[in-house]
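Please work through the exercises below with the sequence and the structure side by side, trying each task before reading its solution.

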Amino acid sequence: MPLLEIQNLATTFPTEAGLAKAVDDVSFKIDKGKVLGIVGESGCGKSITSLSILRLVPPPGRIASGSIKLEGQNLLDLKESQMQSIRGNRIALIPQDPMTSLNPVYTIGDQIMEAIELHQKVSKQEARKRAIEVLERVRIPEAKSRIDEYPHQFSGGMRQRVMIAMALSCEPELLIADEPTTALDVTVQAQILDLMRSIQKEQDMSILLITHDLGVVAEMCDHVAVMYAGAVVEYANVQDLFAHPRMPYTIGLMHSLPRPGGERLTPIEGQPPSLVNLPRGCRFADRCPLVEPRCREAVPPLEEKRPGHFARCVVVASEMENPARA
Ligand SMILES: Nc1ncnc2c1ncn2[C@@H]1O[C@H](COP(=O)(O)OP(=O)(O)O)[C@@H](O)[C@H]1O
Ligand SMILES: [Mg+2]
């Protein structure tokens, strides 16, 4: 059984212009001890997907349909009190903007200890000991003394380590990291990703890693879900995705990746459709170099193109149906 399995998730926001389908028909799963990347342009629904998993969608947004199963149990059926014992405990979130998530008036130690005491029945002394351990685990030098410092005394990279420490403090089974390195410079970014990967291996934890950067996906992930305009448009293991991308949007993202050698980048022209007024057919049709009239007739299903490799495209053929094109 997968650790987390999402089926046909839809999350909507009422707006003056109509109902915005921020997440629409999202399905994927994460196995124990694996890293799933969610990749896609800004505004495609990555953060709202992660907030839906924790049932923290900001009102008036709401989960309209679907299921989110943690080891077979649908989180959407739980009472809020049951959900509270899952958040931060079995599923931890490193939010998209961690710099503003640390409270400037409390010490780093107080904030980590608060997280530990919330979920585990331990004494203050034991919570402090665990907080120091977890700061050491994220390689914060002199954790024993730095635990009593305030967030402003830490650099951006060190604050991000603190956020990871806080997320790890209750040994979650699933860590959701929403663009955890976007605000950091390239060197610190690499250090943080290395750190996350080594901790993930040490603890056999699963990670849902949200990023708009395919380079990060290639480095970190076992599987990838590519999102476009609220929907998963491709899902595969990482080697397969890079070797045989099956969705023109994914191919476009790959061509817009910076390359060593300074080759010119080709960004994807145009804009995604309005989430209030989605087209009848493929959402990528207006930007797609391979578009055909049939693409505009109906939303393409997420179809298995190769074993374990799914894509929403009626033009790029399936090797399973059509071995001649393999
Ligand atoms: N608080 C909100 N109110 C209304 N619409 C929202 C709100 N938050 C997000 N959305 C809508 O949901 C879409 C997806 O947002 P988000 O998941 O944050 O994108 P991403 O993380 O991929 O950049 C946005 O394009 C926006 O239209
Ligand atoms: Mg986001």
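The exercises that follow concern a predicted model, and each task is followed by a worked solution.

**Exercise 1. The surroundings of ligand 1**

Determine how many residues surround ligand 1, which elements give two or more residues to its shell, and how the shell divides by class.

Solution. Begin with the count: 15 residues surround ligand 1, and the closest are A22, G43, K46, S47 and I48. Next, assign the shell to secondary structure, where the elements that give two or more residues are β1 (4-15), β2 (18-30) and α1 (46-53). Of the elements, α1 gives the most, with three residues. Finally, sort the shell by class, which yields seven nonpolar, seven polar and one charged residues.

**Exercise 2. The sheet on which α1 packs**

Work out the strand order of the four-stranded open sheet, identify its edges, and describe how α1 is placed against the sheet.

Solution. The four strands follow the order β2-β1-β4-β5, and their pairing is antiparallel. From this order, β2 and β5 (73-74) are the edge strands, each having a single partner, so one side of each lacks a neighbour in the sheet. At the β5 edge, two bridges join β5 to strand β4 (residues 62-70), the two running antiparallel, and L70 stands opposite Q73 in β5. The helix α1 packs on this sheet, where α1 touches β1, β2 and β4, and the direction of α1 makes about 70° with that of β2.

**Exercise 3. The eight-stranded sheet**

Establish the strand order of the open sheet of eight strands, and then examine its edge at β11.

Solution. The order is β6-β7-β8-β3-β9-β10-β12-β11, and the pairing is mixed. The edges are β6 and β11 (303-306), each with a single partner strand, so one side of each is left without a neighbour in the sheet. From one strand to the next, the twist averages 20°. At the β11 edge, three bridges join β11 to strand β12 (residues 309-311), and the two run antiparallel; here E304 stands opposite F310 in β12.

**Exercise 4. Helix α6 and its cover**

Compare the span of helix α6 with the expected span, decide whether α6 is mostly covered or mostly open, and identify what covers its buried residues.

Solution. Helix α6 (residues 156-168) has 13 residues, and the distance from its first C-alpha to its last is 18 Å, close to the 18 Å expected at 1.5 Å a residue. For burial, the criterion is 20 or more other C-beta atoms within 10 Å of a residue's own; 10 of the 13 residues of α6 are buried, and α6 is thus mostly covered. Among the buried residues are R159, Q160 and R161, as well as M166, A167 and L168. The cover over the buried residues includes β6 (91-94), α3 (108-119), α4 (124-137), β7 (174-178) and α7 (186-203).

Terms used. Residues numbered from 1 in each chain as written. Chains lettered and ligands numbered in written order. Predicted model: local features only at pLDDT ≥ 70, side-chain atom pairs only at ≥ 80, totals over all residues. Near = placed C-beta within 6 Å. Nonpolar A, V, L, I, M, F, W, Y, C, P; charged D, E, K, R; others polar. Expected span 1.5 Å × (residues − 1). Buried ≥ 20, exposed ≤ 12 C-beta atoms within 10 Å, placed from the backbone. Contact = placed C-beta atoms within 7 Å. Pairing = 2+ DSSP bridges. Axes fitted to C-alpha atoms, helices over the stretch in contact; angles between N-to-C directions.
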